[in-house]
Every structure is written in C-alpha cells, then in structure tokens.
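This note is addressed to a colleague who is meeting the structure below for the first time. The points are numbered so that each can be checked against the view.

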Amino acid sequence: SSDMKKKQAVSEEPAEVGPEMFLTILAAEGENEAPTKAKRSKTEDAGEKEEVVYHPVKLSRNDLYRPPTADELNQLKETESLFHCSLLKMQMEELLKEVTLSERRKGQIDSFIQTVTNLLQTVPESLDLSWLSGAVKVPFLLLPKTTKGKFRMVPPASVDVIGSYPLGTCTKPNVMVDLAVTIPASVLQAKDAINQRYPRKRALYLAGLAEHLSRSSDIGTMRYSCLHGNRLRPVLLVCPPDKDSSFTIRVHACPPPGYFKPSRFHPQRNNIRTEWYTGLQTSQTETNEPPTPHYNSSLLGDLLLRAHLQFLSAVSSQCPAFAGGVALLKVWLRQRELDQGTGCFNGFLASMLLAYLLMTHRISNTMTAYQLLRNSLNFLASTDLTNNGVSLAKNPDSTPSLADFHDAFQVVFIDPSGHLNMCADMTACTYKQLQREASVSMQFWDDPTVDGFYSLLMTPKPMIRTSDHIFQLCELVKFQSSCKKLNLLSELMDHSGNYIQTALPFILSLLQRGLGQRIHLLTHSLSPDPEWSVESEAPKYKDQPPLSFGLLLNPELAASVLERGPPADSPKAAEFRQLWGPRSELRRFQDGAITEAVLWEGEHMCQKRLVPKQIITHLLTVTLTAITVVDGFLTAVMQIITHTGEEESLVVVQAYDDLSRKLWALEDLPLSITAVQGAHPALRYTQVFPPVPLKLDYSFFEREKISRSLVPKEGKPCPAYITPVTVICHMEGSGKWPHDRLAIRHIRAAFHIRLGALLKKHHNYTCRPCPTHLDVCKDGLVFRIQVAYHREPQVLRESLSPEGLLVLRDNEEAQALEMATIHKPLLTSTLHGLQQQHQCFGAVCRLAKRWLAAQLFSDDVTEDAADLLVASLFLQPAPFTAPGSPQVGFLRFLHLLSSFDWRNNPLIVNLNSQLTAADYTEIKNGFMASRESLPVMFIATPKDHKLSLWTKRSPSVQMLQRVVLVAAESLKVLERQLMDGSQTQDIRVVMRPPLDAYDVVIHLNPKQVPLLGQAVDPPVVNFSRGTSGGSVRPSGGVLPVIDYNPVSIYLAELREAFGDLALFFCDPLGGTVITVLWKPKAFVKAPFKTSQVSARSVEVTGEEAKTFPNIEAILQDFRIMGKDLVKSVEAKTEKWFDATV
C-alpha cells in the first residue's frame, strides 16, 4: 500500500477566490473550496492507520486573481456590515437546519395526508343527524340553544393542504399540518352568516368528519381544539396511528371560496341579532343593532383561507430566504410565549408581516433569513399597530377604512383582501409586549459583549422570570358578573358569549389607568387553545388555567405610597374619585395645592414594594367585582430576609459615614489618613441580616477580670452575636515605614492604639485596640478598623535568596492581605454604587445568600461570589431587562446557577461598564487556553481578568454540581408554586435542605446558637441573649464579647481535625445542625505509619499492618469537642462499615 499514490481531491469547479476574499469566505461558511482531505484506498484503511494528509487546492493564476463574483461581493459586504455578528449568522443557519423538517419526516407527512384525504372524500351522505347518536360530540357551545337552519352531511367539495406546510415555513418541534375541507354549497344557505348559523354548521360538519374517521384503523387519536382559542372556529386534530409520530394534522372546515360577500363582514355591520341572542323581544331594527366585528372576522378568516395561501405562495416564491426568515421569527416568538393562545402573534401573522415588509420594499428579496429577522424586529419595535394600523390591500378604496378597523379593534393589521383584520383578537397589551420584546432584542443584538444568538433565540422567557410581579385571577366564572357590571352585552354578543375575552380588555384598561406611571408594561397570559376528546362535550369558558398578569415596574415610582390626583376643582377630579372610590381624599400639600390623593400603606421598603398589589386588589375587588386575586409577590420573601433589611442597612451605612468623617478629621496622627473604605457586605446593602444597634442588659453579664469585658454569667445562653463591621483605614506612604514585615505589624498596632485613644478623647467612643485591628463601639454597632499600608503585600512577597539576592515570590499571606485591604473595599464601594442604581439589588443578594446558607452552600459560594453572581443579572440581563423586584431577581439567580455553562464559559461581570468588547474576547481566549488550571466557577471582573479571585478556593467540581442540581429543583418548585394559585405560597420550601444526602448529622443545642432567631424556621420562643429594648447610647458603655459564635468556632475545629476525612456543612444563619459527608478516599486502608494513627484503627494481616478510620471514636470526638454545644450525633449511613470490613 505504501507504493500506491494518494489521489488529491479537487473540487469540480475552480474556486473564484482572490487573496483578499480568504478571511471572508472562512467566516461565512463558504469553505467548499477549502483544503481537502486526501483519499485513501481500502487497503490502507484495512492496514495500520496512517496519518491523514491534507493538500492545498492548486489554483491557476487566472483563478487566483479572478475578480470576485456578485455573490462573493454580497457576502463580503454583509460580513463587513454585520462584523461582530458573523458568528451569530452562522449559528442561525445551524438553528434553521435543526427546526426545518427532514425529507424523511416530509415523506411520512405526505403519506398520512394522502390517507386522511382519501378517507375524507369517502364520507357517506346523510340527510338527517342520526349519525350524531354515536360517541362523537359536536365541538360547539350552544349559547343560545337554538338557531334556524337545515343541515345534511355530504362529502367535502375539496380537501386542500394549506398553511405553513406547503409554504415551507413549518417548523419543529410542534409540527402542525393544516388541511382545509370545503363544505359543499348545498349544505349552506345565503343567510348562514347571521346568528351563528354558519359556525354551528361548520362544527356539525367537523363532527361528521370525526365520526367517519373514527371508524378507520389508519387513524390514531383524534381530539378537538380551537384555532387560536376562537370557539367559533373549532378544528379537528388527527394523529397517525404510530405513537412515536411527532406531527398532527389540523382539519379546518371552510365555506366554498366567495360563498359569502366580504362586504357583509364590514367591522361596523351586525350579524348577531340582539333579540335572538337574549331571547327577549326588542324594538331594535337591523340598522340600530350593535356592530359585531369580532364575530365577522371569525367568519371572514374561514372564507379567506385559500386566498391567504395563494398570496403568501406568490410572495415567498420571490424571496429565497422567506421560509428561513419566518422560521427564525417563529422561534423568537415561541421563546417569548407569544406564538400560541388567544390573541397570539402566530406563525401566520409572522409570514404576513414578512410579506408586508417585502411588498413595501422595507426588505429586499435577496436578503438572508438573518436579515429578514433583524428587519422584522426593527419594524415591530418602531411601529405601533395600536395607533397606526397597516394594510396589505392594494385597493383600499373599495374596502373598510383603517379608521373603521381602529374603532372596532385594538390592534390593526389588514389582510390582502382589505376586509379582514388579522389581529382582531389581540389586545393592545399583547402588542405592546411584542413591541417591547422586539425593542429589547434590537438593543442587545448590536452589543458585542452579549451572546446575541443565545439571548435572542435560545433563552426561554416565561412570564414568571420576565415580569417583576405576577398575579392571577382564578375564579374566571366571576367575569360573567363583571360583564354585567360593565354593561357589556353588545361586546358579549360579539364574542359569542366568551365572557373572559369580553371583559379582559376592560380589566386591562382599568389596571393601566390605576397603575399609570408605576409600570413600564402590563402583560397577560394568552389563554391556551383548549383541547378535548372527540367523545367529550366542548369545555366551558371557565375551564381553563387562571389568567396571569405580569407587571414590568418603573423602579422610581412603583413603590410610591402617595397617588396624587387632580386639583379639587378640576373636571378630572370626579373621574379620579370614581376610580379610587372611598380611598380618594382631599389633601393639602406643602406647596399649598389642595388635590385629590390616595395614600397606600407602607412604612418599610418591603411594604412599599407591595403597593402595586394593594392597587390591583382595590381595583379588581372593589371597583370591578369580587374577583379572587392570587398574588405571586412572594410576600413571605420579606419574612425570611427580615422586614426592614433596607432600613437596617441604611442605619449601618449612616453610622459608618459619620465614623469616616470623624476619622478624616482626626489630628495628632504621625501620618495622615489617605483613604477610609468599608469592606463589609452591610455597607453595600447585601448582608442577609444587617447588624442591628444593640442595647445590653447588664444583669445578664459579669466583668471579665483582665480585659474588663462583659461575659455572660454561668448557665446563661450564648449572648447575642455582635457583628464587627470591617473598615479599612489606609495611611499615607512615608520613608519612615520599615521594610520588615514584623516591624510593619508593630507600627500598625501602634496606629490602632493611637486611633483608639484619639476617638476616646474626642468622641468618647469605647475602643479596644488589638495588634490586627481596633474595635470601636458607636451607636450600638461595632466597627472593626484595620490600618493598612499599601506596600505591605509587596514586603510580604520579598525574600532573600541564599546568594543574598532579593526575590519576589507570591504567597497566600500576601494574597489574603491584598484581598482584605484592596479587593474587598473596592468591591464594596462598586456594589454600593450598583445598589444606588437598582433599588432591589441588595434585596436580591440577601435572598440569594439566604438560600445558599439554608442549603448549606455558603462556604462553597462565598458572600462576595454570590454578590457578583447577582450583579451580573443587573449588569447583563439580556434577553431580559434588569430585575425590578426581589422575587424575579431571585428566580433569575436560581436559573443562572442551574443553566449557565460553567465548564465552557467564564461569567463576566462588567462592573461600572469598564470592560470593552476587546476585553471580553481577551478574557474568553485566556479562559479557554488555561481552562484546566482555572477554578470550576470562573467569575471575571474589570480588575480580575485571569484568576477569578472570588472563586479561587471554592466551589469544587462536586459541590458546584450539587449547587446546580439543587438550584434547578428549587426553581422548578418555586415557579410551580407561584403559577398555581391553588398551592399555598411558602418560599421556605426551597430553604429546607434535604438531610438524607449526608452521612452524619450533628444536632446542636439551640441555647448555644446565638443566631437562632435568623433560622428559616425560627422557634416560637427564643432565649434571652443579654439585650434589652430601648434607644442605644451613641457613645460610651462597656464592650461585650465581639464576633463570638461558638458554632463557627466548633465548625473550624472540626475541619482542622478531620478535614482530610470528611466535609462539614452548616447554615451559618441560625442553623441547628452540622452535616458531615465522608470523603470516599478516607476509607482506603493505608500502610501503618506511627505519624498517622490519629483517629485510626490498626489491622494486622500476616506481616502487613494497615490503618483505617475509627469512625466510632471520631463520632465520640465530635461529642467531646462540642461539649455543651452538641446535643446529639446521628449517624445516618454506615458506609464506613462496608468499607472497613
């Protein structure tokens, strides 16, 4: 085989590539002329595998320098104009391959279509309705019960494939193929358009088809549904007999083309008579009857099915990328839950939108699918169809005017006939939501720092994670009384008795008025298309999921407790009083104005956040009717992270600011202070339970003899935990600073003594200087001041080599000092600034960290790392907007933890927008190059591109997997709880860790757990911890024991003694258990060594002695080490027994 010549593979057509085109073609997937693989003979394959040899394609000089073709020039221009999006373009092309139907699937569909068509054409003729006595029911709600007309069952006039399948715009996963069955003219009558005669005949005809198909073994399951929730347009869903088929045929019944005159369905005309609908005699003539535009558009939709297909076929044949553009738009809509349900923006509307843009020359026929999507979103973002409708009609003079349509419908998009509004069922709120989604998409599309493809087309945006607040209306049957109260009889007739869709626009309008400037957007869930068995009666209108509403808040005004109305003498005052009822009252303001006003309850920030809930409840229960409002506001959130966290943090920040000013003003210091920086989570509003000013109960304590500190009396519970708030005080550089590390520490200790003396002298603060810090008691809080010298980390890195040379070596001590004196203060000030921009940032951090602590992960995902994770949600929220409530922020935090690809991507947190697109690229490239040596959870910031300082030590791979798993499960439970009004809402469910996964559980004595009151499930009666109520003294007093938490001390001792054998976990916020997980490697028997027999048993076999852990003794050690703190030690598994036998 070695003698055989390798043939070079050369493409049939020579490539027309100049040197300047090389990069362009590589970027745009045009590599069919790329270097090709050499072919190998079978003998070579059979023998030993040889290395693959690549040969460059040889081009003649003429080929090499031939001018670029028109296609290549277009490609070059496109790549140049899209630049950072060239990858996005290729990703979209790959996505299109995923969602389009394969040839094999098309073959299956065509075969089944032929089967169904043949069966439909053999429907037996029947002059009566005797066939209805069988199991198959008619898919129609008969309201009123009877109407005039005759019906007989005859075979269809024709059966045609319509919709997305023949257009080539049908996409996976939910493949739906539409089949139009034409009802013969002999079944219909000229006046069938009025009083639901045609829709009822249509439903009867569908039932006849279902009854006939049910007898065939070639048909699988059959169900009824409604086209986009419209009960006047039932459809028959037919599945193939094989269970693994992934497509459904949707059978529509429609009248013969041109059977009804389109002019009969003018939006101002009436086709449902009041007398027939109400059953009451009226004196109204036809001209006085109210118009029925929604009913009219339902019938027109059936009449124009084929015309729409012909129109779209003609348009799409001119534009090669039309099907791809529609497919991408459908994926975009599906991810935003806008493509299904009543009043949705479905695939048909997406196709019509692209056709409109092509007809009006806003896009050209030569554009790619990528460009079609971009231009469609740009049009949606910039065009308000609620005020300025658009029309596809070429001769608008002979059809109703746009003004007529705007009078009848909220959103207007006219079809090519000029008679049908294709957005008839869409509410203005749904279109505004569509507009906003398009606008947000366009904003991050052009941002090179955002993964546009993933955000645009791959990230689901369920309402629960998109809206800041969610609430639901559960008892939908009460909408009937709302219709009566609002006097909506004519609208109810128009919607054929669908009281939910009748009342919805009025409820939305009422909420919009009441919430006003507090919200950016009001959205509502789209009622899903009902589906039911062909053997069941049509479901009632109330038999559908609760109606959900979402609010996108305006953070500046949402929490305002005062609703200021018009002046008392203004004509609008009566309108204001009518809206707010007894809540409205006259008030005089400081500027002298006397106006109507409404004052809502809300003392603390957590109560103020619920003002929108108060408004909604008032409007819907008082103004409208007694509808049950189930809020998804997670009111229990605030009970878990304390009622007044924001206010408590503010007290700490104000006390710190005052201390900072007093430190700056100190004189008589050998060196001046250059910076005072906070380095504690409470100073950035992210401490779960901020320190609270404490007033001590002196009867609880006695004086310790040496330091004269307060210690609890014998037998008393552990005293309240006093948190020291860390403050870094930088002193100026000077030649007098020594260069010896020990001498620097002595100088710092002297500064602590000096600062303490000055603060005591000038402000009477009680101070306790230590070598490492100075504790200052001020306003009932304790501040821990640490003096820092900027060159100390450098001195710690310096050492002398044996040759006497100065060597710089990085070490953990220097890194820890830098972290404490440089990185943490900088992070604290940056995140403090973020809290000023986004009011709920701190609350989201506190909630996220409470969850991490409760699930025993707080040692793996540290406080600083958790704050950065939450910061990323606010700084790069795409495809969402920044969270506007703690609830949605927490849900997105859980989603980020559970769905982010930690293995292959760094999480880049662009604090203060300091990172450029080039920095992003540099960070990602550096990350991929050194992935194996980097932390498993990699967080990059503007000051930390390469190391991920905040996650360097933890979490480990195993712990991150556990965090991801628990976060995903917590998210699932929470979302289910919030969206199901029947469930009791208790967020504590996701805060209770499963203890079954651990080997040993150490139960602690609650009396000695100082933070017991912060537990997820706090005890009803807590212990007295040496504090009393009342106002605290701003200065003076005796210092208690600071930073004393026996649980954390015991945990540290356990890790030091047994860290090589086990992992230890605890909830630092009031947890009363410490859980233990044995390390698998700990039970491997090791050769006997005298230096390694601690907590081990010896086993001798022959001449070989081996040791293994003595678990019983270790468990006894747990009890001894935690004497008085440990209540009991529970061994939940006996892994060690199997391992040591």
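Which helix lies across β14 and β16?

1. The helix in question is α22, residues 572-580. Its direction makes an angle of about 145° with β14. The reader should bear in mind that the model is a predicted one.

2. The sheet to which these strands belong is open and consists of three strands, in the order β14-β16-β15, with antiparallel pairing. At its edges stand β14 (562-567) and β15 (585-588), each of which pairs on one side only. From one strand to the next, the twist averages 45°.

3. The pairing of β14 with β16 can be followed in further detail. Strand β16 covers residues 594-599, and four bridges join β14 to β16, the two running antiparallel. Within this pairing, Leu 562 is placed opposite Leu 599 of β16.

4. As to the whole, the protein chain comprises 1141 residues, and 51% of them are buried. Its secondary structure includes 37 helices and 37 strands. Of the contacts between residues at least 6 apart in sequence, 72% link residues at least 24 apart. The accessible surface of the chain amounts to about 52,600 Å², and carbon and sulfur atoms account for 53% of that surface.

5. A charged residue name may draw the reader's attention to helix α28. Glu 792 lies in this helix, which spans residues 792-797. Is Glu 792 buried or exposed? Its relative accessible area is 4%, so Glu 792 counts as buried, the cut-off being under 20%. When neighbours within four places in sequence are left aside, the residues in contact with Glu 792 are Ile 744, Arg 745, Arg 748 and Leu 817.

6. A further point concerns the surface. Which residues form a nonpolar patch there with Tyr 1044? They are Val 1041 and Ile 1049, and the patch has about 220 Å² of accessible area in total. Tyr 1044 itself sits in the loop that runs between β31 (1027-1028) and α35 (1046-1058). Tyr 1044 is classed as partly exposed because its relative accessible area is 36%, a value between the limits of 20% and 50%.

7. For a review of the model, two residues may usefully be set side by side. Glu 792, in helix α28, is buried, whereas Tyr 1044, in a loop, is partly exposed.

Methods
Residues are numbered from 1 along each chain as its sequence is written. This is a predicted model: local features need pLDDT of at least 70, side-chain atom pairs count only at pLDDT 80 or more; totals for chains, interfaces and linings use all residues. Side-chain values use heavy atoms; hydrogens and water are left out. Patches are made of residues with over 30% relative accessible area and no salt bridge: like charges are joined within 9 Å, nonpolar side chains (Val, Leu, Ile, Met, Phe, Trp, Tyr) within 5 Å. Accessible areas come from the Shrake-Rupley method with a 1.4 Å probe; for residues, only the protein chains shown count as cover. A salt bridge is a side-chain nitrogen of Lys or Arg within 4 Å of a carboxyl oxygen of Asp or Glu. Buried means under 20% relative accessible area, exposed over 50%, partly exposed in between (1.4 Å probe, protein chains only). Contact means heavy atoms within 4.5 Å. Two strands pair if DSSP finds at least two bridges between them. Axes are lines fitted to C-alpha atoms, for helices over the stretch in contact, and angles run from 0 to 180 degrees between N-to-C directions.
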